[in-house]
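I am opening a fresh page in my notebook to write down what I look up in this structure, one topic after another.

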Amino acid sequence: MADRPTTAAAYRALLGAQLRAQTQYRFSFALDTAASALITLLDVVSVLVLFRVTPALAGFSFTDSLLIAGLANAAFQLCDMCVGNIDTMREYIRTGRFDAVLLRPLRVLPQLVFGDFSPRRIGRAAQALVVLVVALSLADVTWTPARTVLVVIAPLSGAVIFGAVFVAGSTTAFWFVESGEFANAFTYGGRDFTIYPVGIYPGWFRAVFAYSLGFAFVAYFPGLALLGRPDPLGTPGFLPWCSPLVAVLAATAAALVWRVGVRHYRSTGS
Amino acid sequence: MPLIETTGLRKEFTVRRKAGRFRRRRHAVAAVDGIDLAVERGEMLGYIGPNGAGKSTTLKMLTGVLSPSGGEARVCGLRPVAQRTRLARRIGVVFGQRSQLWWDLPLRESFRLLRYVYRVPSAEHAARLAECRRLLDLDEFLDTPVRQLSLGQRMRGEITAALLHGPEVLFLDEPTIGLDVVSKQAVRSFLADLGAAGDTTLVLTTHDLADIEKLCRRLVVIDHGRVVHDGSLAELHARYDSRRRVVVDLDAPWDGTPVPAGATVETVAADGFRVTFGLAGGTAGDLVAALAGTGSLRDVSVLEPDIEEVVARLYAEPA
């Protein structure tokens, strides 16, 4: 039937409704946007501050470090723009509003993504991309076709890796409603981790965050590939190109955890 | 094949209880403990029981919100959790506390959005909306943001929202709770007409006896997660000999005036000025008319049989 709306139209309608509802609170919207612009800048400033006291970080110069920070920030902000609002799920679960989400003939995750989208995050993602472009122009990158492809794919893979952590982390709310800080340790903790070359972290910590959770594939490894330098930590030379693969694995794992979590949803009393 | 069918449906929740200062012992508590149910197309089913009996939990399993811990459920031939999104298109759900509406947007906007969410062709959507607007008197608050609606207005909006995609089954959890008398009447008679039309199967939970009388041809009473009665309201009252009561205050002590058939004197206050009659048959009107003839009648009140009390007695009865 020509007149039957498509599923895409359903998500577009959810997004439109959310944007219209947001504009009802103009002042708080303006304040949020200004505050988030400041926070993005602070992340980059923290790298500048570090280089006031040291000429190199784990063997990386200022411009190299800035490139890694720029990649990390771009990946995080892209992810945050799309699924950062998954935090609201905790509130949905606590109050039982998650019932209403399950009662609609749409998939849960896209409903949350489109239905709670916050437009101020577009501004942050755009800023992060500008910072990345600046970092790329300062860094010593010899451009090849492979690196050109990588510079586009790297922030996307990084965003998917962060997204997987966000989704898996929010899933803990199905078991423990007050699990916010635990999940934040991995999401926002992961963001702070990826800003710097992994060599600055002590061994066990690096093993967990960089390799087990895959955070090294967000910015550090793609950064090495772009700069064309071997890993000072001596990892194999193909790893810097593996970020998209890691992103697919992370997304698959997160999807599995998510499915189990939704089955564990307990709702609340009537 | 029945439209709704469950066999041995169970839901257990794990509860941690204190066992000493720091230790917590885990207990499995069955909220729904083996329910067998078959509901045919077009039925109007009242699902009743005391608080905590497992009514909402059952509805949540039938609508795909909760996964059962055991047993089987089929609604419209679908498995509610595994085929959740397909089922959602074919059922309507009104859970009073879980709004389907957009809080910050006018009611009209919510209805427009639901057309996209449920993918309803515009002509069908417009026709159903027009009918609900007429029958539920929505026009005066259609442009009001949902958060500013009164509870009665919002409930009328929720019912409309649940019907715009033409569901085969409408599940309602306490649809009249907290409403004022006028809204209760409006909701009740709308649902009665909807059920009478025969296209929509109604399943509702309620504590309100008037809802049950007006809306439920069949009652399933549950307690502690099990079905304790399945039949009509008349059968329920007959089985437990529950009756309406008429309490009268008199100007003179009760003198034993003959009362119409079906009415019996249950209690007489010590001073004789207040008498309680039980009505097994006949009407309160006949009884009051007979008493009014004596000239000493001052005040009358009619007490409906208490469904909670009936349910409590049901459960106390050895199986």
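**Chain A: helices and annotated spans**

I began with residues 238-258 of chain A, where the end C-alpha atoms lie 31 Å apart and the span is 76% helix and 0% strand. I note at once that this is a predicted model, so I treat every value here as computed from that model.

I then looked up how UniProt labels this part, and its unreviewed entry gives the annotation "transmembrane region" to residues 29-51, 57-76, 125-143, 149-177, 198-218 and 238-258 of chain A. I checked one of the other spans as well: residues 125-143 of chain A are 74% helix and 0% strand, with 24 Å between the end C-alpha atoms.

For the chain as a whole I counted 12 helices and 0 strands in chain A, and reading along the sequence I therefore wrote the pattern as α-α-α-α-α-α-α-α-α-α-α-α.

Next I asked what radius of gyration chain A has, and how this agrees with a compact globule. For 270 residues a compact globule would have a radius near 18 Å, and chain A has 20 Å, which agrees. Along the principal axes, the C-alpha atoms of chain A fill a box of roughly 60 × 40 × 40 Å.

**A:T54 in its loop**

I picked out A:T54, which is found in the loop between α2 (26-53) and α3 (62-83) of chain A. Its side chain reaches the backbone oxygen of A:A56 at 2.8 Å. I also looked up A:S212, which is 158 residues away from A:T54 along the chain, and the C-alpha atoms of these two residues are separated by 29 Å.

**Chain B and its annotation**

Turning to chain B, I found that an unreviewed UniProt entry places the feature "domain: ABC transporter" at residues 9-249. In the model, this span of chain B is 35% helix and 29% strand, and its end C-alpha atoms lie 50 Å apart.

**Where the two chains meet**

How many residues of each chain are in contact with the other? I noted 37 residues of chain B in contact with 35 residues of chain A. Between them the two chains bury about 3200 Å², and 55% of this area is on carbon and sulfur atoms. Three residues, B:R84, B:R98 and B:R119, supply 21% of the area that chain B buries against chain A, which is more than any other three residues supply.

Across this interface I recorded 11 residue pairs in polar contact, with both residues at pLDDT 80 or more. On the side of chain B that touches chain A, at least two residues each come from β1 (4-18), α1 (55-62), α2 (84-88), β5 (91-95), α3 (107-117) and α4 (122-136) of chain B. The largest share, 6 residues, comes from α3(B). Sorted by class, this side of chain B has 17 nonpolar, 9 polar and 11 charged residues.

**Salt bridges**

A search of the whole structure gave me 27 salt bridges over all chains, and the count between chain B and chain A is 3. Which residue of chain A forms a salt bridge with B:K60? The partner is A:D99, with the closest N and O atoms 3.7 Å apart. This pair crosses between chains, from helix α1 of chain B, which holds B:K60, to helix α5 (residues 98-103) of chain A, which holds A:D99. I add as background that side chains of opposite charge can pair when their charged atoms come close.

Definitions and conventions:
Residues numbered from 1 in each chain as written. Chains lettered and ligands numbered in written order. Predicted model: local features only at pLDDT ≥ 70, side-chain atom pairs only at ≥ 80, totals over all residues. Heavy atoms only, no water. Contact = heavy atoms within 4.5 Å. Buried area = accessible area lost by both parts, 1.4 Å probe. Salt bridge = Lys/Arg side-chain N within 4 Å of Asp/Glu carboxyl O. Polar contact = N/O pair within 3.5 Å; in protein donor to acceptor, adjacent residues only side chain to side chain. Helix = DSSP H or I, 4+ residues; strand = E, 2+ residues; numbered from the N terminus. Nonpolar A, V, L, I, M, F, W, Y, C, P; charged D, E, K, R; others polar. UniProt positions renumbered as here; feature names shortened; annotations may be inferred. Rg over C-alpha atoms; globule rule 2.2 N^0.38 Å.
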